[in-house]
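Visitor: Please take a close look at the internal cavities of this structure. I should like a connected account of the space enclosed and of the residues around it.

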Amino acid sequence: MSQEHRFKSGFETRAIHAGYDPDPTTGAVIPPIYATSTYKQDGVGGLRGGYEYSRSGNPTRTALEGALAALEEGERAFAFASGLAAEDTVLRSLTRPGDHVVIPDDAYGGTFRLIDKVAGPWGIENSPAAVSDLDSVRAAIRPGRTKLVWIETPTNPLLNIGDIEALAGIAHDAGALLVVDNTFASPYLQQPLTLGADLVVHSTTKYVGGHSDVVGGAVVVRDLAVAEAIGFHQNAMGAVPGPFDCFLTHRGLKTLGVRMDRHCDNAELVVEFLVNHPQVAEVIYPGLAEHPGHAVASRQMKRYGGIISFRVTGGEEHALEVCARAEVFTLGESLGGVESLIEHPGRMTHASVAGTDLEVPGDLIRLSVGIETAEDLVADLERALEPGRE
Ligand code: P1T
């Protein structure tokens with residue numbers, strides 16, 4: 001099957017085959033880990049397959065990038081050493097001192113820290129806006145200065161939903177590009193580039209890698225001029241992943257579809273349990289009909305994902321106790337792996353936004369629902385919420 005044909009196949013076929021053909025010399029079905037920093041040249045400038053030096057390109061990375069481009073239906077994909085390295089490269093490629101960026105008012109804490117505390121002092125201003133409120137995004141734009149409208153959908157950790165198609169229109173009318181952090185949905189549930197977004201960023205540490213064994217990031221673009229800018233900066237800045245990291249991420253990516261369906265199945269069962277629990281004040285999940293973004297999520301997502309946030313009735317102390325008591329749900333940062341994780345965003349992943357407009361509620365708990373047996377997950381939460389009822 002040609003690569004061109006593979007790009008037109010179904011999602012799972014692309015996840016498994018796009019980006020790599022069995023090695024012509026050995027027939028190796030899986031891309032080898034090319035543990036090499038440099039490549040022999042056939043005479044000065046005589047590069048084999050374009051490979052010169054592994055910061056600029058490495059075949060294990062090329063295979064991963066090809067698969068990511070095919071799954072997001074983008075023109076090109078670029079792999080990075082972390083999600084934040086990918087984001088930094090986007091910022092430095094597409095903004096200059098004096099420019100302005102609109103960001104979610106409930107972004108991942110590390111994204112806010114990067115844009116506000118790192119890019120800010122270099123002259124990039126930002127305005128937080130609610131991604132679910134088109135008027136608020138429109139109002140945050142500074143005509144002529146806003147270069148990027150940056151969203152997450154669903155957002156981390158409050159699971160707000162932005163209407164990608166409408167936000168792309170708003171960004172483009174202002175002469176800006178729309179960047180979508182697609183980490184929570186993954187390309188299996190949502191392909192922002194097909195809805196008008198210009199760039200997709202990922203923390204591939206999460207669902208794409210899927211096994212909590214590697215940190216990585218990616219940028220996928222649909223326009224060749226943007227691809228040229230990102231590609232130049234990827235090489236010039238050098239925040240690239242090594243070949244072993246690329247191998248692990250690519251290995252995880254192949255099973256993204258089956259994993260995501262199980263994450264969603266389990267999350268739906270956990271949501272059903274939580275909404276009926278007397279010690280749960282609010283369950284936030286875009287699959288719930290009462291979620292304010294439900295209609296938009298139903299339009300642009302295949303399913304609603306594996307992340308659930310909820311608020312407990314007993315305030316912050318109660319939330320901390322539940323986090324500490326869970327056992328099958330491991331207390332830890334990150335998300336998107338096969339194992340279930342529980343965390344307290346206010347004190348953990350979003351501690352860097354404490355005291356800002358982006359601060360998250362103290363009684364909030366975030367779950368990354370894994371692919372274990374669903375009944376065990378529900379029983380664990382039952383114990384953690386009401387320890388006397390074991
Ligand atoms: O951790 P890193 O691979 O650098 O990715 C940063 C990042 C970017 N975007 C989103 C939506 C994210 O959730 C993250 C990382 N988030 C966590 C570690 C977390 O537990 O929320």
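Guide: A residue counts as buried when its relative accessible area is under 20%. In this predicted model, Cys-246 has a relative accessible area of 1% and is therefore buried by that cut-off. Cys-264, with a relative accessible area of 0%, is buried as well. A search for disulfides across the whole structure returns 0.

Turning to the enclosed space, the structure contains 2 cavities of 30 Å³ or more. The largest cavity holds about 50 Å³ of space. Its lining comprises 13 residues, of which Leu-64, Phe-80, Thr-204, Gly-216 and Thr-249 are the closest to the cavity centre. Three elements, α3 (59-72), β1 (76-80) and α10 (243-253), each contribute at least two residues to this lining. The greatest contribution is that of α10, which supplies 3 residues. In chemical class, the lining of the largest cavity consists of 8 nonpolar, 4 polar and 1 charged residues.

The second largest cavity encloses about 30 Å³. Its lining is formed by Pro-154, Phe-184, Met-301, Tyr-304, Gly-305, Gly-306 and Ile-307. By class, 5 of these lining residues are nonpolar and 2 are polar, and the lining of the second largest cavity has no charged residues. The lining of the largest cavity, for its part, includes 1 charged residue.

Methods:
Residues numbered from 1 in each chain as written. Predicted model: local features only at pLDDT ≥ 70, side-chain atom pairs only at ≥ 80, totals over all residues. Heavy atoms only, no water. 1 Å grid on protein atoms, 1.4 Å probe; cavity = no way out; pocket = protein on both sides within 12 Å on 5 of 7 lines; lining within 4 Å. Points joined across faces, edges and corners; volume = space filled by probe spheres on them. Helix = DSSP H or I, 4+ residues; strand = E, 2+ residues; numbered from the N terminus. Nonpolar A, V, L, I, M, F, W, Y, C, P; charged D, E, K, R; others polar. Disulfide = S-S within 2.5 Å. Buried < 20%, exposed > 50% of the residue type's maximum accessible area, 1.4 Å probe, protein only.
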